[in-house]
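I opened this notebook page to record, step by step, what I looked up in the structure. The entries follow the order in which I checked things.

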Amino acid sequence: MNAILIRDLRLAFRAGGGFGLGLGFFLILAVLVPLGVGPAPQVLAVIAPGILWVGALLACLLSLDRIFALDHEDGSLDLLATAPVPLEGVVAVKALAHWLVTGLPLVLAAPVLGVLLNLPAPAYGWLVLSLLLGTPALSVIGAFGAALTVGLKRGGLLMSLLVLPLYVPTLVFGAEVVTRGAAGLSIATPLALLAGITAGSAALLPFAAALALRINLR
Amino acid sequence: MTSPAKPASLWEYANPVRFMRLSDWLLPVTAVAAAVLTGIGLVWGFFFTPDDFRQGSTVKIVFLHVPAALMAINAWIMMLVASLIWLIRRHHVSALAAKAAAPVGAVMTVIALYTGAVWGQPIWGTWWVWDPRLTSFLILFLFYLGYIALWSAIEDADTAADLTAVLCLVGSVFALLSRYAAFFWTQGLHQGASLSLQPGTRMDWAYKAPLYIAMVGFGLIFVALLLAGTRAEIRARRMKALVARERMQG
């Protein structure tokens with residue numbers, strides 16, 4: 001398990017591994033939105049929580065097909081499937097690697113981009129916390145989508161179509177935490193629901209993803 | 001699996017020949033009943049009900065809107081059950097029925113969204129709002145699109161059936177979650193349920209009677225289209241098998 005994690009991380013950080021991809025996209029979005037919407041601070045303050053969450057979500061989506069596609073191409077996925085480690089564990093570890101490579105940098109970069117978008121001061125902590133709690137769910141759900149479409153030649157667009165509706169609850173609750181945090185309201189309920197989605201998906205979706213992988217590798 | 005004493009068991013129709021024989025006479029019956037009931041419900045609803053006190057004649061779109069919305073959700077639930085039956089019992093007709101139900105459900109969702117927009121424009125003053133019910137229907141529509149796209153993307157029939165069944169199961173959980181997320185997110189403009197099984201009526205029988213007839217009619221339309229679609233899928237598979245056999249020989 002550890003070996004798989006280290007291998008995935010090493011592959012991602014090497015040249016051409018797509019480490020900066022999501023982060024770069026997130027940065028571009030946060031820079032382009034004020035240019036498109038206009039620099040009015042009060043407008044930006046209202047839309048900042050939503051934009052940051054949508055940006056994090058799309059940045060995650062961008063790198064999802066890398067979770068299984070490369071391993072499927074060179075055949076190492078078949079080896080992993082026949083290895084003595086359970087495939088469910090492999091899926092979970094690969095989702096974790098995806099999160100460490102894509103989700104965690106987004107969480108760390110989000111406060112900086114919040115400044116660009118004039119995010120209200122009380123919301124910074126909630127932004128980081130909600131992304132920290134929510135982005136693992138994005139990686140796990142994404143791993144499920146990637147597992148469903150792993151054998152397809154042009155699976156990228158299809159995977160986005162499959163994963164996008166699955167991302168809705170995470171996005172709604174995540175952005176709601178930041179919006180409420182910015183307005184100084186109580187955030188306990190959406191935060192608990194967001195954490196619940198992450199915990200639930202992390203516990204159950206690896207099984208569904210492993211099932212989909214087994215079907216695809218049949 | 002099935003005992004000969006109970007020939008009407010669901011599992012009997014896992015055999016496509018038996019299913020074809022049953023649907024051979026069931027399809028015309030349901031098709032005619034669907035046409036008659038939907039016709040009665042819609043004509044009665046559109047032309048022989050009084051105008052609403054406040055909403056005028058716009059209220060009559062309810063006779064299309066509510067049955068379509070009902071079937072949009074029920075089609076997904078039927079797909080969920082069919083997917084479960086496929087995954088657990090490898091009931092081939094069930095997988096094909098789930099495949100055939102998806103386009104019908106998607107169209108019902110579009111009808112519900114479209115009639116809602118047409119009604120909302122004069123009454124709410126807008127074609128679209130991000131109301132929880134509207135939002136959850138849009139998400140449901142996305143789920144249908146993804147499901148249909150996944151079916152058509154995978155070439156091997158059994159793999160496609162397996163993967164779409166898994167997607168349907170996971171998707172159902174998330175569709176339900178999205179619905180609650182949307183309700184949590186905003187309260188919205190859409191009125192609550194006009195029909196309810198609980199006593200205490202919110203709708204007069206003058207409207208309710210044609211509405212119930214239209215609902216049954218739409219249900220039968222769904223069943224008829226489902227049977228026709230499943231029959232087409234079975235025939236398409238037989239064709240494929242025949243073509244493959246001819247190639248082997250020739």
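Entry 1, a helix pair in chain B. In this predicted model, I looked first at how α2(B) packs on helix α6 (residues 205-249) of chain B, and I noted an angle of about 40 degrees with the axes 9 Å apart. Angles under 35 degrees count as roughly parallel and those from 65 to 115 as roughly perpendicular, and α2(B) and α6(B) are therefore oblique to each other. For the handedness I wrote down that α2(B) passes α6(B) in a right-handed crossing.

I then listed who meets whom in this pair. From α2(B) come B:Val62, B:Phe63, B:Val66, B:Pro67, B:Ala68, B:Leu70, B:Met71 and B:Ala75, and these meet B:Pro210, B:Leu211, B:Ala214, B:Met215, B:Phe218, B:Gly219 and B:Phe222 in α6(B). Sorted by class, the residues of this contact are 14 nonpolar and one polar, with no charged residue. As a general reminder to myself, an α-helix has 3.6 residues a turn, so residues three or four places apart point the same way.

Entry 2, the length of α2(B). I checked whether the span of helix α2 (residues 62-89) of chain B fits its residue count: at 1.5 Å a residue its 28 residues should span 40 Å, and because the end C-alpha atoms are 39 Å apart, the two values agree. Just after the helix I found B:Arg90, which follows α2(B) and has a positive phi, near 50 degrees.

Entry 3, chain B as a whole. I recorded six helices and zero strands for chain B, so that I could write its pattern along the sequence as α-α-α-α-α-α. Of the 250 residues in chain B, buried ones make up 39%. When I took the contacts in chain B between residues at least 6 apart in sequence, I found that 77% of them join residues at least 24 apart.

Entry 4, where chain B touches chain A. I noted that 21 residues of chain B are in contact with 21 residues of chain A. On the chain B side, the elements that give two or more residues are α4 (132-153) and α5 (157-185), and α5(B) gives the most, with twelve residues. By class, that side of chain B has 17 nonpolar, three polar and one charged residues.

Entry 5, a helix pair in chain A. I turned to helix α3 (residues 41-62) and helix α7 (residues 123-148) of chain A, which pack at an angle of about 30 degrees with their axes 10 Å apart. That angle makes α3(A) roughly parallel to α7(A), and α3(A) passes α7(A) in a right-handed crossing. In this contact A:Pro49, A:Leu52, A:Ala56, A:Leu57, A:Cys60 and A:Leu61 of α3(A) meet residues of α7(A), among them A:Ala123, A:Leu127, A:Leu131 and A:Leu138. The class count for the contact of α3(A) with α7(A) is ten nonpolar, three polar and no charged residues.

Entry 6, a single residue. Is A:Leu23 buried or exposed? I found A:Leu23 in helix α2 (residues 19-37) of chain A, and with 17 C-beta neighbours inside 10 Å it counts as partly exposed, because a residue needs 20 or more to be buried and 12 or fewer to be exposed. Leaving aside residues up to four places away in sequence, A:Leu23 touches A:Pro105, A:Leu106 and A:Ala109. I also noted that A:Leu23 and A:Ala59, 36 residues apart in sequence, are 6.9 Å apart in space, C-alpha to C-alpha.

Key: Residues are numbered from 1 along each chain as its sequence is written. Chains are lettered from A and ligands numbered from 1 in the order in which they are written. This is a predicted model: local features need pLDDT of at least 70, side-chain atom pairs count only at pLDDT 80 or more; totals for chains, interfaces and linings use all residues. Two residues are in contact if their C-beta atoms, placed from the backbone, lie within 7 Å. Helices (H or I, at least four residues) and strands (E, at least two) are DSSP runs, numbered from the N terminus. Ala, Val, Leu, Ile, Met, Phe, Trp, Tyr, Cys and Pro count as nonpolar, Asp, Glu, Lys and Arg as charged, and the others, Gly among them, as polar. The expected span of a helix is 1.5 Å times one less than its number of residues. Axes are lines fitted to C-alpha atoms, for helices over the stretch in contact, and angles run from 0 to 180 degrees between N-to-C directions. Angles under 35 degrees count as roughly parallel, over 145 as roughly antiparallel, 65 to 115 as roughly perpendicular and the rest as oblique. A crossing is left-handed if the near helix is turned anticlockwise from the far one by less than a right angle, and right-handed if clockwise.
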